[in-house]
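Reader: Got a minute to walk me through this one? Keep it quick.

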Amino acid sequence: MTLSPLSRRVLAGLTFGVLALIYVPLLVVVANSVNPSQSMTWPPDGVTLEWWRRAADSAGAREALVTSLQVAAVATALSLVLGTLLALALQRYSFFGKNAVNLLVILPIALPGVVTGIALNNGFKGILGVDLALWTIVVAHATFCIVTVFNNVQARLRRMGTSLEEASADLGAGVLTTFRLVTLPQLRSALLAGGMLAFALSFDEIIVTTFTAGQGATTLPIWILNNMFRPNQAPVVNVVAVVLIIFSIIPVWLAQRLSSDVEGVR
Amino acid sequence: MSATSSSPSDIRPGRTTDPALRGPVARPGSRLLHRMVWLRLSLLLSAPLAWMLLVYVVALAALLITSLWSVDSLTSEIDRTWTFDNFRTLLDNEVYRTVTFRTLGVALAVTVIDVAIALPIAFYMAKIASPRVRRMLVVAVLTPLWASYLVKVFSWRVVLSEGGLADWTGLGSPGYGLTAVIITQAYIWLPYVILPIFASLERVPDSLLEAAGDLGAPSGMVMRSIVFPLLVPGIVAGAIFSFSLTMGDYITVNIVGGANQMLGNLVYINAGAANNLPLAAAIAMIPIVVMLVLLTAIRRTGALDNL
């Protein structure tokens with residue numbers, strides 16, 4: 001299109017400006033992890049490793065991290081199985097109510113977080129009459145993680161087509177053998193991408209988690225939330241935040257390496 | 001063709017290409033699976049469908065029913081007689097109306113700001129930047145999606161704090177309040193708005209824009225009458241994301257919102273400390289109804305068809 005050089009330059013400036021601004025708050029957090037001032041006044045007037053030492057010694061943060069990893073691992077495993085089954089059913093067969101099932105998978109993530117949270121909270125406490133615990137978080141997380149695995153696997157199945165599977169069946173392989181030796185290997189990177197997303201989603205979730213966490217079930221986001229407002233703990237929270245920022249580079253790096261294999265992010 | 005099919009190797013059992021006549025290669029269970037499509041389908045569907053129905057659909061239905069119950073004020077047990085009292089409370093009590101409008105206002109402001117920022121960025125990424133720069137920009141937009149939500153809210157709490165970066169730059173911090181909530185939420189959901197708009201812009205062929213230019217349309221007119229109509233589905237998708245995500249969020253307002261409350265806070269307090277699950281359920285119906293109304297209205301315009 002014939003845009004004047006000026007408007008091109010304005011658009012470029014705006015784009016790079018906003019994208020740079022997106023990273024400013026994160027960089028401030030990184031810088032503040034060595035800021036000697038406990039109330040994190042800007043600019044820092046020195047460098048200290050005190051907060052990093054305190055964070056390394058913080059048993060609460062460590063336990064919360066382990067809890068979060070456990071929850072995310074189990075929720076991811078569940079959603080990998082359920083999401084793959086669902087994607088196979090919806091992509092390879094047509095049946096009555098297919099659209100409804102499709103909608104149902106998206107619903108937990110499409111509805112506002114508080115709705116999913118209170119629905120599950122009420123379901124556990126009011127209807128089933130069970131006490132909230134750690135497993136109730138896992139159930140909640142698996143429910144909204146299914147969609148990420150489902151999306152990735154379904155996209156891959158659509159692109160794969162059925163000819164290889166048909167060839168395998170024609171050569172005499174049974175249904176399960178075909179799945180194990182032909183379908184599954186082709187799904188590998190889609191499962192990796194979907195699983196990675198599910199893990200990240202669960203590891204980071206806070207809204208539904210606050211509604212489904214029992215007493216003493218402290219995931220890392222809950223720990224951060226509880227400690228953020230304590231003046232003497234805030235710098236430690238800041239260090240944990242930096243660690244999480246560093247962690248979040250891993251999936252980006254992995255996705256780049258798999259780039260030709262990975263179908264978008266959501 | 002006939003020569004190969006009559007070769008002796010094809011007559012042997014186990015080598016025939018017709019699955020129904022297959023010999024000892026596939027085990028009986030597998031043969032049954034192969035023939036019974038419905039059996040395969042129900043084996044695939046039963047586990048995930050049972051999970052979604054038992055965990056989620058039942059929970060949503062129960063939420064609706066619970067909103068029609070009440071809590072005995074003396075024993076604080078749930079009284080399971082049907083009543084519209086909760087909804088009457090929502091209508092009559094000033095607090096709920098104020099908080100509802102505040103929540104909708106914040107969600108609307110965040111959506112408008114995000115769409116306004118996302119449009120030029122998505123346009124630059126899809127139509128002006130070179131392929132190499134475009135790939136770089138997509139990564140730059142995607143990367144913050146992986147950063148923890150709480151870390152992002154926390155970072156704004158730090159930036160907007162007294163004596164923080166915002167004060168230092170001389171712009172001045174608005175302090176913790178609704179403005180801070182809007183800034184933070186717009187920041188967090190921006191990538192979710194850029195991506196669908198970028199995706200729908202990428203599908204607009206460049207030749208279409210060149211043709212319009214060749215026919216003498218000034219670039220403002222090309223934008224208005226060609227680019228924008230083709231972008232509507234992407235904008236709608238992004239707007240729904242940011243609106244729904246903001247409406248369902250109550251953590252940000254806790255962290256940077258000062259004493260303000262959103263609908264989610266009222267739901268949380270009633271489900272927990274106030275021990276009034278039925279009222280919490282009734283409050284949760286507000287965002288559900290808003291989303292339903294919004295989606296139906298948008299569906300009427302046809303913008304959802306090509307999502």
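Reader: Start with chain A. How many helices and strands are there?
Author: Chain A has eleven helices and zero strands. From the N terminus on, its elements run α-α-α-α-α-α-α-α-α-α-α. Keep in mind that this is a predicted model.

Reader: What box do the C-alpha atoms of chain A fill?
Author: Roughly 75 × 65 × 30 Å, taken along the principal axes.

Reader: And what percentage of chain A is buried?
Author: Of the 266 residues in chain A, 45% are buried.

Reader: What about contacts in chain A between residues at least 6 apart in sequence?
Author: In chain A, 77% of those contacts join residues at least 24 apart.

Reader: Now chain B. How many helices and strands there?
Author: Chain B has 14 helices and two strands. It has 307 residues, and 40% of them are buried. Take the contacts in chain B between residues at least 6 apart in sequence: 68% join residues at least 24 apart.

Reader: Ok, the interface. How many residues does each chain put into the contact?
Author: Chain B gives 84 residues and chain A gives 75.

Reader: Which element of chain B supplies the largest share of the side that touches chain A?
Author: Helix 3 of chain B, residues 37-66, with 17 residues.

Reader: How does that side of chain B divide into nonpolar, polar and charged?
Author: There are 61 nonpolar, 16 polar and seven charged residues on the side of chain B that touches chain A.

Reader: Give me a helix pair across the chains. At what angle do helix 1 of chain A and helix 5 of chain B cross?
Author: Roughly 115 degrees, and their axes come within 9 Å. Helix 5 of chain B covers residues 94-128. The angle makes helix 1 of chain A roughly perpendicular to helix 5 of chain B.

Reader: Is that crossing left-handed or right-handed?
Author: Helix 1 of chain A passes helix 5 of chain B in a left-handed crossing.

Reader: Which residues meet there?
Author: From helix 1 of chain A, R8(A), L11(A), A12(A), L14(A), T15(A) and V18(A). They meet I117(B), P120(B), I121(B), F123(B), Y124(B), M125(B) and I128(B) in helix 5 of chain B. By class, this contact of helix 1 of chain A with helix 5 of chain B has eleven nonpolar residues, one polar and one charged.

Reader: Helix 1 of chain A also packs against helix 11 of chain A, I see. What are the numbers?
Author: Helix 1, residues 5-32, and helix 11, residues 234-257, pack at about 125 degrees with their axes 8 Å apart. The two helices of chain A are therefore oblique to each other. Helix 1 of chain A passes helix 11 of chain A in a left-handed crossing.

Reader: Which residues make the contact?
Author: L26(A), V29(A), V30(A) and N32(A) of helix 1 of chain A, with N238(A), A241(A), V242(A) and I245(A) of helix 11 of chain A. Six are nonpolar, two are polar and none is charged.

Reader: Switch to chain B. How do helix 9 and helix 11 of chain B cross?
Author: At roughly 160 degrees, with axes that come within 8 Å. Helix 9 of chain B spans residues 178-202, and helix 11 of chain B spans residues 219-247. That makes helix 9 of chain B roughly antiparallel to helix 11 of chain B. Their crossing is right-handed.

Reader: What classes are in that contact of helix 9 with helix 11 of chain B?
Author: It has 14 nonpolar, six polar and no charged residues. Among those that meet are W189(B) and Y192(B) in helix 9 of chain B, and F241(B) and L245(B) in helix 11 of chain B.

Reader: Now the largest nonpolar core. Which residues touch the most other members?
Author: I118(A), A122(B), F154(B), I194(B), V267(B) and I283(B), in a core of 149 residues. Helix 9 of chain B gives the largest share of this core, 15 residues.

Reader: What does I283(B) touch?
Author: L90(B), L263(B), L266(B), V267(B) and N270(B), leaving out residues up to four places away in sequence.

Reader: Last one. Where is N275(B)?
Author: In the loop between helix 13 (263-271) and helix 14 (277-301) of chain B. Phi of N275(B) is near 50 degrees, a positive value in a residue other than glycine.

Reader: How many other C-beta atoms lie within 10 Å of N275(B)?
Author: There are 14, so N275(B) is partly exposed.

Definitions and conventions:
Residues are numbered from 1 along each chain as its sequence is written. Chains are lettered from A and ligands numbered from 1 in the order in which they are written. This is a predicted model: local features need pLDDT of at least 70, side-chain atom pairs count only at pLDDT 80 or more; totals for chains, interfaces and linings use all residues. Axes are lines fitted to C-alpha atoms, for helices over the stretch in contact, and angles run from 0 to 180 degrees between N-to-C directions. Helices (H or I, at least four residues) and strands (E, at least two) are DSSP runs, numbered from the N terminus. Angles under 35 degrees count as roughly parallel, over 145 as roughly antiparallel, 65 to 115 as roughly perpendicular and the rest as oblique. A crossing is left-handed if the near helix is turned anticlockwise from the far one by less than a right angle, and right-handed if clockwise. Two residues are in contact if their C-beta atoms, placed from the backbone, lie within 7 Å. Ala, Val, Leu, Ile, Met, Phe, Trp, Tyr, Cys and Pro count as nonpolar, Asp, Glu, Lys and Arg as charged, and the others, Gly among them, as polar. A residue is buried if 20 or more other C-beta atoms lie within 10 Å of its own, exposed if 12 or fewer, and partly exposed in between; C-beta atoms are placed from the backbone. A nonpolar core is a set of buried Ala, Val, Leu, Ile, Met, Phe, Trp, Tyr and Cys residues joined through C-beta atoms within 7 Å.
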